[in-house]
Amino acid sequence: GHSLLATQVVSRLRREFRIDLPLRALFEAPTVRNTARHIDQALQSAQHNRLPPIVRIDRAGKLPLSFVQQQLWLLDQLDPGTPAYNMPVALRITGALDVPAFEQAFLRVIERHETLRTNFIVLNGEPVALVRADAQWQFEQLDLSMLDNLAQEEKIQRTATEQASRGFNLAQDRLIRGSLIRQSPDAAGTPRFVFVGAIHHIVSDGWSLNIMVSELMEFYRAGLQKRAPVLPALDVQYVDVPAWQRQWL
């Protein structure tokens, strides 16, 4: 296992038992039997202090940042526009691609997740989250199909590096960006594309990227098949987590 899988386990335990099991407990007790002992101890000590449920808050008021977001925001204040917390995104796509449908699928993901429409501004001297209602977003499109394979790969690498190394303005920019690159077909004549981009860590993480790609593909398939996407409803969003943290503490 690794820290991302452990975080998923801790999250599921929190949801199932409403306890807060420290991440280190899973590494200190790496068997089901020993982990179960930690869970029992947490349940016994939390009988009168169970975690409150995460509930949807009013979007009209000031929206606080989570503690992790506060840390990332502060680091950005110390070094404005630093790319140190950019998360690179890269997808290779082999086969026919309906580009307008692919772009529409991205928009649907951004519409679905408020965090991808969030900026971070200062209000009365403190940072707050600002969820944008407008989900409009476009990726850059590049056609490299006329270049030889070596030149294509070099251009893809340069584009990926530029996307990852360019900073974001947390107060103004969309905190996700990308370029869709059309390559020449392979030897069998199969179309090839590459999507490279970046997303700021203040609105995403490794676990979330996997979810985003999965939902992107579902929105894309649903768009091509003229059907509703098969995705669970979102009762709460990440902006509800900071309020929950403060209520809990």
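**Notebook: pockets, a cavity and Ile39**

I started with enclosed space and found that the structure holds 1 cavity of 30 Å³ or more. Note to self: this is a predicted model.

**Entry 1, the cavity.** I looked up its volume first, and the largest cavity comes out at about 70 Å³. Its walls are made by Pro64, Gln69, Glu114, Thr115, Thr118, Phe120, Ala129, Tyr238, Val239 and Pro242. Sorted by class, I get 6 nonpolar, 3 polar and 1 charged residue in that lining.

**Entry 2, the largest pocket.** Next I went for the open space. The largest pocket has a volume of about 1900 Å³. I count 49 lining residues here, and those closest to the pocket centre are Ser11, Asp205, Trp207, Tyr238 and Val241. I then asked which elements supply two or more residues to this lining, and got helix 1 (3-17), helix 4 (67-78), helix 5 (99-112), helix 7 (206-224) and helix 8 (240-248). Helix 1 contributes the most, 7 residues. The class split for this lining is 29 nonpolar, 11 polar and 9 charged. I jotted down Tyr238 twice: it is among the residues closest to the centre of the largest pocket, and Tyr238 also lines the largest cavity.

**Entry 3, the second largest pocket.** This one holds about 170 Å³ of space. I listed its lining as Gly1, His2, Leu5, Ala6, Val9, Leu26, Phe27, Pro30 and Thr35. Helix 1 and helix 2 (23-28) are the elements that give two or more residues to it. Helix 1 has the largest share again, with 3 residues, having also given the most to the largest pocket. By class I noted 6 nonpolar and 3 polar residues, with no charged ones.

**Entry 4, Ile39.** I picked a single residue to finish. Ile39 sits in helix 3, which covers residues 32-45. Buried or exposed, I wondered about Ile39? Its relative accessibility is 12%, so Ile39 counts as buried, the cut-off being under 20%. Then I checked what Ile39 touches once neighbours within four places in sequence are set aside: Leu13, Phe17, Ile19 and Leu21. Of these contacts, Leu13 and Phe17 have numbers that fall in the 3-17 range of helix 1. Last, I took one long-range distance: from Ile39 to Ala188 the C-alpha atoms are 55 Å apart, with the two positions 149 residues apart in sequence terms.

Conventions: Residues are numbered from 1 along each chain as its sequence is written. This is a predicted model: local features need pLDDT of at least 70, side-chain atom pairs count only at pLDDT 80 or more; totals for chains, interfaces and linings use all residues. Side-chain values use heavy atoms; hydrogens and water are left out. On a 1 Å grid over the protein atoms alone, a cavity is a set of points where a 1.4 Å probe fits but cannot get out, and a pocket is an open set with protein on both sides within 12 Å along at least five of seven lines; lining residues have an atom within 4 Å of a point. Grid points are joined across faces, edges and corners, and a volume is the space filled by probe spheres set on the points. Ala, Val, Leu, Ile, Met, Phe, Trp, Tyr, Cys and Pro count as nonpolar, Asp, Glu, Lys and Arg as charged, and the others, Gly among them, as polar. Buried means under 20% relative accessible area, exposed over 50%, partly exposed in between (1.4 Å probe, protein chains only). Contact means heavy atoms within 4.5 Å.
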